[in-house]
Amino acid sequence: MGVETEYGITATAANGTHTLGAAEVARYLFEPIVDEHGSSNIFSANGSRLYLDMGAHPEIATAECDSITQLLNYERAGDRILDELAQRAEQKLVRDGVGKHVYLFKNNLDSHGNSYGCHENYLISRSMVLRAIGRALEPLMVTRQLICGAGLIEPETDEHPARFVLSQRADQVWEGVSSATTRARPMINSRDEAHADSQRYRRLHVIGGDTNLSEPTFALKVGSALLVLEMIEAERELPDFELADPIGQIREISRDLSGRTQLRLKNGGTVTALEIQQALCGHAADWLEVRDDYLDDAGHGGSTTSEMRRVVDLWRRALDALESQDFSQVNRELDWVIKKELFDHYRARLGDDWSHPKLAQIDLAMHDIRPGRGIFQVLQDKGRVERWTTDEAITAAMDTPPDTTRAHQRGKFLARARETETEFAVDWSRMKITEPARLEYTFGDPFATDSPELEELLALMNRGANDTE
């Protein structure tokens, strides 16, 4: 598994006025990276990819991970890595007299309507037919905003007043499965880039989901998708919930906080969004009774059934809360519920008006990743939202690659290459050096933590370093 997170970026002067465009702020942000590595597109010490994406969006793609908690640790480590760069950029802005504060926002929309995403990647068997998987996953993808939407204040229009909606991404999705990414953004991108042995694997690239602040919500988003994928791969029978109009319906669901939107099915029936989620959660619970932990001899092998039970427990409680409309049992765990309760607290002081500009400011400040400044970060520091992992685990993930996946090999390669000042090239499945001799290998097994090929590369770098001493 892996997650790609794009961040919004801006800078202001001491008085709060904007001083630079996003591209200029991004240049300050990535200046130390470019100075050290000669590029704004690198792999960092923990095996993740750090780069500047289209539209001046800083982006981090996590190293390959094999469990939900491990993936969460590396995703949150990305926040800290970028915040450290932002603090260095602030010092440079002050010295240059062009600004004081750099803001990185972990959300999906800016005030101009531009959208940026959080993409999930799941390794699946090459034998699985992508479009068939897409059809089977679509009911989950369309309705999961009920449990893992990030929440958003939708501005007033001629058709409706300002209002709270579940998802920041629902209105940005235009297709179910497609090779497009920006022109006609789908829920599942079908571009065939396995980043592994393409005879055995392919990558399921999900690009329609919200970016999550809450650790339990992130775990629920990834865990529920993993469970449904496991059931599809195991050929477990699932209900026929193929939707007649998934793109229109994903928007309807986002605006119905009860989950009772009636959805037309291709088979002629109807079902509510909540009923789809309840059925899938029930099948997932049954699956856990027979699920294998898939552990190897060393005890490694991904998300354990115990971890998956945590996912299903939260999933059930979220759906019970939706059915009863009593969210007290999940108001410290679900992103959109946490946000809406905070908004309701302020709306009581602001005339019950969703269009009040103060609420828009709070909405944006929720997604500021700076500890002690971003509202969600403050709530977490005060113990007012639940955790799934620990600060210590996240800190460790900033500099150390996962030790249970191919990223472990990449991390060792990067450390040795930079230590010996060897010219190198690296991507998800390839490592190459050009001195003291040209040597390149492809690493197609995403589960291999060591290999003779890596040892040969390391030895050659050591020899080159010794020859120059």
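**Exercise 1. State which residues Trp315 touches, and place Trp315 in the nonpolar cores of the model.**

Step 1. Leaving out residues up to four places away in sequence, Trp315 touches Leu140, Ile147, Leu220, Ser224, Leu227, Gln277, Leu280, Cys281 and Ala284. Contact here means heavy atoms within 4.5 Å.

Step 2. The structure is a predicted model, in which local features need pLDDT of at least 70, side-chain atom pairs count only at pLDDT 80 or more, and totals for chains, interfaces and linings use all residues. Residues are numbered from 1 along each chain as its sequence is written, and side-chain values use heavy atoms, with hydrogens and water left out.

Step 3. A nonpolar core is a set of buried Ala, Val, Leu, Ile, Met, Phe, Trp, Tyr and Cys residues joined through side-chain atoms within 4.5 Å. Buried means under 20% relative accessible area, exposed means over 50%, and partly exposed lies in between (1.4 Å probe, protein chains only).

Step 4. The largest nonpolar core has 111 residues, and Trp315 is among those with the most contacts inside it, along with Tyr122, Leu137, Leu204 and Leu227. A second, separate core has 17 residues, including Tyr51, Leu414, Phe443 and Leu458.

**Exercise 2. Describe how strand β12 is enclosed and which strands pair with it.**

Step 1. Helices (H or I, at least four residues) and strands (E, at least two) are DSSP runs, numbered from the N terminus. Strand β12 covers residues 201-206.

Step 2. Look at each side of the strand. Tyr201, Arg203 and His205 are buried on one side of β12, and Arg202, Leu204 and Val206 are buried on the other.

Step 3. Because six of its six residues are buried, β12 is largely enclosed by the rest of the structure.

Step 4. Two strands pair if DSSP finds at least two bridges between them. Strand β7 (residues 118-125) is joined to β12 by six bridges, and the two run antiparallel. In this pairing, Ile124 has Arg202 of β12 as its bridge partner.

Step 5. Strand β11 (residues 186-189) also runs antiparallel to β12, with two bridges between them. Here Ile188 has Val206 of β12 as its bridge partner.

**Exercise 3. Show where the listed residues Glu4, Tyr51 and Glu59 lie in relation to each other.**

Step 1. UniProt, in an unreviewed entry, lists these three residues under "binding site". UniProt positions are given in the numbering used here, feature names are shortened, and annotations may be inferred rather than shown by experiment.

Step 2. The three span 56 residues in sequence, yet no two of their C-alpha atoms are more than 10.6 Å apart, so they gather at one spot.

Step 3. Glu4 is in strand β1 (residues 2-6), and its relative accessibility of 12% makes it buried. Among the residues that Glu4 touches are Tyr51, Glu59, Arg203 and His205.

Step 4. Glu59 is in strand β5 (residues 57-61) and is buried at 2% relative accessibility. Its contacts include Glu4, Arg49 and Tyr51.

Step 5. The side chains of Glu59 and Tyr51 are joined by a polar contact of 2.7 Å. A polar contact is a pair of N or O atoms within 3.5 Å; within protein, one must be able to donate a hydrogen and the other to accept it, and residues adjacent in sequence count only if both atoms are side-chain atoms.

**Exercise 4. Do the same for Arg49, Thr62 and Trp428.**

Step 1. These residues also come from UniProt, where the unreviewed entry lists them under "binding site". They span 380 residues in sequence, but no two of their C-alpha atoms are more than 10.8 Å apart, so they gather at one spot.

Step 2. Thr62 is in the loop between β5 and α2 (68-96), and is buried at 5% relative accessibility. Trp428 is in the loop between β15 (424-426) and β16 (430-433), and is buried at 15%.

Step 3. Trp428 is in contact with residues including Arg49 and Thr62.

**Exercise 5. Find the buried face of helix α10.**

Step 1. Helix α10 covers residues 357-366, and Leu359, Ile362, Asp363 and Met366 are buried in it.

Step 2. Seen down the helix axis, these buried residues fall within an arc of 105°, so they line one face of α10. The arc is that of the directions from the helix axis to the C-beta atoms.

Step 3. The face turned away from the buried side carries the exposed residues Pro357 and Gln361. The cover over the buried residues includes β8 (152-154), α9 (335-347) and α11 (375-381).
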